[in-house]
Amino acid sequence: MKLTFSRSVIAGSAFFAALVFAGDQTDDYLTTLTELGYPAPADNQLVHIPPTLKDLEQSSMHPELKRVIRRGHDLFTDTQQLRGENVFNNMNCSSCHLGDGRMPFSAPVWPAAVTLPNYRGKNDHVNSLEERIAGCFTYSMNGKPPDYGSDNMLALAAYHHWLARGVTMYPEQPIYGRGFPAPERPEEVSYQRGEQLYKEKCAICHGDNGEGLRIRDTTVFPAPWGNNSYNWGAGMVRVSSAAGFVKNNMPLGQPLSLTDQEAWDVAHFMNSQERPQDPRYTGDVAETLEKYGPTFHKHSLYGQKRESDGKVLGDHSNTGNKDFLKPDTVRPRTFE
Ligand code: HEC
Ligand code: HEC
C-alpha cells in the first residue's frame, strides 16, 4: 500500500517536472502537452507559459517584491497554514490548481490577473482579482478570505500577477488551457458506474469515504467530499467542472487516461456526496436552489434527489469545520 502511494506520487511529480519550462521554450512546452494528449492551441488562442520561481530569482525585480511573491507562492501551495483563520477544510489552492497554479487545463490562475476587473455572473457584479481569490476561499476552501488589502491577500495577488508576466491586459483572444474544460456530456451518466470507477481508480489515494489523507498537519491527498472538502457553493460542484478537472488531471500522474464517459460518471458520483452547506444558503434548500439555480446550481446536484437512495442533497445546515455560514466579504456591490 505504502509503496503504491509513493510510486504514484513520484509519477505525478515527474509529470509536473516535464512541464516546468521557461522563457522561449513555447514549442517544447506545447509538444510535451500534445504528446500527453492535450489539444494543440487553435490559431487564435493566446498561449502563455507562466514564469517559475527560478525565473523569479533571476529577474531584476526589487528583492522586497520577490519576497512578497514567494510568500504568495507559499500561501498558494501551503494554504493549510491559514487553517482555522481563513481555511476550514483540508485544501490548499494547489489541490485543484495543479502545478502551483501554472498548469494548463488545471485552471491556471494567471488569466484572472489579466481579465479582471470584470463582470462575474456568479455574484452579478464587477469583481477585482482580490474578490476572485476571495471567492475560492469562501467556497473551495470552505472558509473566510484574508481581508482585502491585508499582507496575505496582497501576497497572493502578487503571485497571480507575477504568473501573468508579459501578457497583455484584457486580451482579445481566448486563452489556451484556461479553466477545467469539460469533455462533451455523454447521453446518460451513471452513479453506479461512477462509484465502481471511484473504488478502482481513486479510493487508493482519496479514501473509500472521500476522506483523503492527512498526515500530521499536511494534506497528502485532499478530500473530494465530506466536511474537509469544498462546499456546495464551490465551482467544483458543477458536474461539468469536476468532469473537466478529472478528465484532464486525475488519476494524478495519468491525465487523460479516463474516457469522457468515465470522467462524467465519477464526477457525478463524487458530487452526489454530502459536503458543507453553500454559504449563500437561505435556510431552505429548495429556496436556495430557486435563487441560485439559474446562474449556478443548474450544473450541480444541489437540492436534487440522489440517484442511489433518493436523499435530497444539501438539505442540512452543516457548515463543516467552521462555525459561521457566510463570511462578511460575500456581499453585493452596486456602484451607486
Ligand atoms: C476545490 C477546488 C479548488 C480550490 C481548492 C481552489 N480553487 Fe480556484 N478555482 C476552482 C474552480 C472550479 C475554478 C473555476 C474554473 C473554471 O472557470 O472552469 C477556479 C478558478 C480560480 C481563479 C480564476 C481563474 C481564471 O481563469 O480566471 C482563480 C484566480 C483562483 N481559482 C484562485 C484560487 C486560489 C487563490 C485558491 C486558494 C485560496 C483556490 N483558487 C482554491 C477550484 C478551486
Ligand atoms: C496517486 C494518487 C491519486 C489518485 C489515484 C487520484 N488522485 Fe485525485 N488528487 C491527488 C492529489 C495529490 C491531489 C491534489 C493535487 C496536489 O496537491 O498536487 C488530487 C486532487 C483531486 C481533486 C481536487 C481536490 C479534492 O479533493 O476535491 C479531485 C476532485 C480529485 N483529485 C479526484 C480524483 C478522482 C475522481 C480520481 C480517480 C479517477 C483521483 N482523484 C485519483 C491524488 C490522486
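A residue counts as exposed if 12 or fewer other C-beta atoms lie within 10 Å of its own. Alanine 42 has 9 such neighbours within 10 Å, so this residue is exposed. The model in which alanine 42 sits is a predicted one. Alanine 42 belongs to the loop between helix H2 (26-36) and helix H3 (53-58). Its C-alpha atom is 40 Å from that of tyrosine 281, a residue 239 places away along the chain.

The same kind of count can be made further along, in the loop between H8 and helix H9 (191-201), which holds tyrosine 170 and also glutamine 173. Tyrosine 170 has 10 C-beta neighbours inside 10 Å and therefore counts as exposed. Its backbone is worth a look too: phi is positive, about 45 degrees, although the residue is not a glycine. Glutamine 173, with 13 C-beta neighbours inside 10 Å, counts as partly exposed. What does glutamine 173 touch, leaving out residues up to four places away in sequence? The contacts are Asn44, Gln45 and Leu46. With leucine 46, the C-alpha to C-alpha distance is 5.8 Å, even though 127 residues separate the pair in sequence.

On to the inside of the protein. The largest nonpolar core has 64 residues, and the members that touch the most others are Val246 and Ala267. Seven helices each supply at least two residues of this core: helix H4 (63-77), helix H6 (110-115), helix H7 (129-138), helix H8 (151-163), helix H11 (239-249), helix H12 (260-270) and helix H13 (285-292). The top contributor is H8, with 8 residues. In soluble globular proteins, nonpolar side chains tend to be buried together. Alanine 267 meets Val239, Ala242, Ala243 and Val246, again leaving aside residues up to four places away in sequence.

Those four partners of alanine 267 are also among the buried residues of H11. How much of H11 is covered? Most of the helix is, with 10 of its 11 residues buried. Besides Val239, Ala242, Ala243 and Val246, the buried set takes in Ser241, Gly244, Phe245, Lys247, Asn248 and Asn249. These buried residues pack against H12 and helix H5 (98-101).

Just past H11, the loop that leads to H12 holds proline 251 and leucine 256. The peptide bond from methionine 250 to proline 251 is cis, with omega near -10 degrees. Leucine 256 has a positive phi of about 65 degrees, and this residue is not a glycine. It counts as partly exposed because 15 C-beta neighbours fall inside 10 Å. Most residues other than glycine have a negative phi, and most peptide bonds are trans. Another cis bond runs from leucine 116 to proline 117, with omega near 0 degrees. Proline 117 is part of the loop between H6 and strand S1 (118-120).

Next comes the bound molecule. Ligand 1 is surrounded by 26 residues, and the closest are Cys93, Cys96, Cys136, Gly179 and Gly235. Which elements give two or more residues to this shell? They are H6, H7 and H8. The largest share, 4 residues, comes from H7. Sorted by class, the shell around ligand 1 has 16 nonpolar, 8 polar and 2 charged residues.

The UniProt record, an unreviewed entry, places the feature "domain: Cytochrome c" at residues 79-196 and 189-274. Over residues 79-196 the chain is 33% helix and 5% strand, with 32 Å between the end C-alpha atoms. For residues 189-274 the figures are 43% helix and 8% strand, and the end C-alpha atoms lie 19 Å apart.

A small piece of strand structure rounds off the picture. Strand S3 (residues 213-215) and strand S4 (residues 218-221) pair in the antiparallel sense over 3 bridges. Arginine 214 has threonine 219 in S4 as its bridge partner. The two strands, S3 and S4, make a hairpin with 2 residues between them. In that turn, arginine 216 shows a positive phi of about 50 degrees.

Notes: Residues numbered from 1 in each chain as written. Chains lettered and ligands numbered in written order. Predicted model: local features only at pLDDT ≥ 70, side-chain atom pairs only at ≥ 80, totals over all residues. Core = buried A, V, L, I, M, F, W, Y, C linked by C-beta atoms within 7 Å. Buried ≥ 20, exposed ≤ 12 C-beta atoms within 10 Å, placed from the backbone. Contact = placed C-beta atoms within 7 Å. Near = placed C-beta within 6 Å. Nonpolar A, V, L, I, M, F, W, Y, C, P; charged D, E, K, R; others polar. UniProt positions renumbered as here; feature names shortened; annotations may be inferred. Pairing = 2+ DSSP bridges.
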